[in-house]
Amino acid sequence: MFKTVVIVGAGNVAYHLTRALLENTVNLVQIFNRTLSKAQLLAENYNISYTDKISEIKKADIYIICTSDDAISEISYYIPFDDCLVVHTSGSTPISALKGKYRKGVFYPLQTFTQGRSLEYDKIPFFIEAENSSDEGALLALAERISEESYLVDYEKRMKIHMAGVWANNFTNHLYLIAEEICKKQEIPFDALKSIIKEGVDKLVDGVSPYDAQTGPARRLDKSVIEKHLSILEATDSKLFQIYNLLTESIIKLYHEKL
Ligand SMILES: NC(=O)c1ccc[n+]([C@@H]2O[C@H](COP(=O)([O-])OP(=O)(O)OC[C@H]3O[C@@H](n4cnc5c(N)ncnc54)[C@H](OP(=O)(O)O)[C@@H]3O)[C@@H](O)[C@H]2O)c1
């Protein structure tokens, strides 16, 4: 088990991992971040040491890099110790992005993290990879301090799970934004959609499969309704026309391909 932890970064994931680790009495000794004020804002809440200087990075058993994916290689190169484990938290970045003589791993939490939100950390699945089985075991033990769910997966699998998260969360969120814009143009508040959004998610959380949960004109093959929607979009927004058409075709293929 890791006795000491340093978090690298002070963005969304760093904010939540800091809370999750401290709530579960993990010994987080420092936050290192490029922008000192952001490290300070996060660390001072918990009375933890913070720095923006490589020379001041504390010695620890594990360094959890929570920077943007494109910064992982560069920042990992500067970790000034060899006798430690360094992990990143990215879904679609290989372990080989970590540059250094230390042991390497991945500690990927499958969640959408935004600073200031309150989250149930024990429900967040962690996807773990390490170069040796001893570090895999230690990372699983760390994940189990925080969460009820953790998996050992290789890069190929993790990348596909990350992509599933993009479909399930990022794309649906973008569709909510499109729906919000449509409501705005009709001078109806986004609140009017919250009941349908909530029930859509609640059904899935309650165990109804996405296949069974689907409703709507494409599921019913209501061709006249689909044509009306497409003709509105064709006249107003060609990109939305394409998105609506592709999603409709995908649903029709799934439920009605034998017709
Ligand atoms: N957000 C999510 O929902 C989520 C979920 C799971 C995994 N992840 C993964 O977690 C990691 C962090 O994501 P995030 O959403 O927390 O990012 P974020 O909120 O945008 O924070 C980015 C962090 O990276 C630092 N950074 C950016 N460019 C840098 C550079 N060139 N050199 C040094 N530091 C740099 C930033 O420092 P400054 O403060 O100085 O700008 C900041 O601390 C990513 O690998 C992401 O794939 C994210």
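## A buried isoleucine, and the helices beyond

Isoleucine 48 has a relative accessible area of 10% and is therefore buried, in what is a predicted model rather than an experimental one. The residue sits in the loop that joins helix 2 to strand 3 (49-51). Once its neighbours within four places in sequence are left aside, isoleucine 48 is in contact with Thr18, Leu22, Leu28, Val29, Gln30, Ile31 and Ala43. Lysine 203, by contrast, is 155 residues away from isoleucine 48 in sequence, and the two C-alpha atoms are 41 Å apart in space.

Leucine 42 belongs to helix 2 (residues 36-44), and with a relative accessible area of 5% this leucine is buried. Not counting residues up to four places away in sequence, leucine 42 touches Ala10, Ala14, Tyr15, Thr18 and Ile31. Thr18 and Ile31 thus appear among the contacts of leucine 42 and also among those of isoleucine 48. Glycine 9 is 33 residues from leucine 42 in sequence, with 10.0 Å between their C-alpha atoms.

The wider setting of these residues is a protein chain with ten helices and eight strands. Of its 259 residues, 37% count as buried, and its C-alpha atoms fill a box of roughly 65 × 40 × 30 Å when taken along the principal axes. Among contacts in the protein chain with a separation of 6 or more, 52% are between residues 24 or more positions apart.

Two residues that are not glycines have a positive phi, and they are set side by side here.

| Residue | Phi | Place | Relative accessibility |
|---|---|---|---|
| Threonine 25 | about 55 degrees | loop between helix 1 (12-23) and strand 2 (28-32) | 64%, exposed |
| Leucine 221 | about 60 degrees | loop between helix 8 and helix 9 | 24%, partly exposed |

The loop that holds leucine 221 leads to helix 9, which covers residues 223-236. This helix has 14 residues and reaches 20 Å from its first C-alpha to its last, close to the 20 Å expected at 1.5 Å a residue. Which residues of helix 9 are buried? They are Ile226, Leu230 and Leu233. Seen down the axis of the helix, these buried residues fall within an arc of 65 degrees, so they line one face of helix 9. The face turned away from that buried side carries the exposed residues Glu227, Lys228, Ile232, Ala235 and Thr236.

On their own side, the buried residues of helix 9 pack against helix 8 (217-220) and helix 10 (238-256). Two packed helices are described by the angle between their axes and the distance between the axes. For helix 9 and helix 10, the axes come within 7 Å and cross at roughly 155 degrees. Because of this crossing angle, helix 9 is roughly antiparallel to helix 10. From helix 9, the residues Ile226, His229, Leu230, Leu233, Glu234 and Thr236 take part in the contact, meeting Ser238, Leu240, Phe241, Tyr244, Asn245, Thr248 and Ile252 in helix 10. Sorted by class, this contact between the two helices has seven nonpolar, five polar and one charged residues. The buried residues Ile226, Leu230 and Leu233 are thus included in the contact with helix 10, while Thr236, listed among the exposed residues of the opposite face, also takes part in that contact.

How values were computed. Residues numbered from 1 in each chain as written. Predicted model: local features only at pLDDT ≥ 70, side-chain atom pairs only at ≥ 80, totals over all residues. Heavy atoms only, no water. Helix = DSSP H or I, 4+ residues; strand = E, 2+ residues; numbered from the N terminus. Expected span 1.5 Å × (residues − 1). Buried < 20%, exposed > 50% of the residue type's maximum accessible area, 1.4 Å probe, protein only. Arc of directions from axis to C-beta. Contact = heavy atoms within 4.5 Å. Axes fitted to C-alpha atoms, helices over the stretch in contact; angles between N-to-C directions. Parallel < 35°, antiparallel > 145°, perpendicular 65-115°, else oblique. Nonpolar A, V, L, I, M, F, W, Y, C, P; charged D, E, K, R; others polar.
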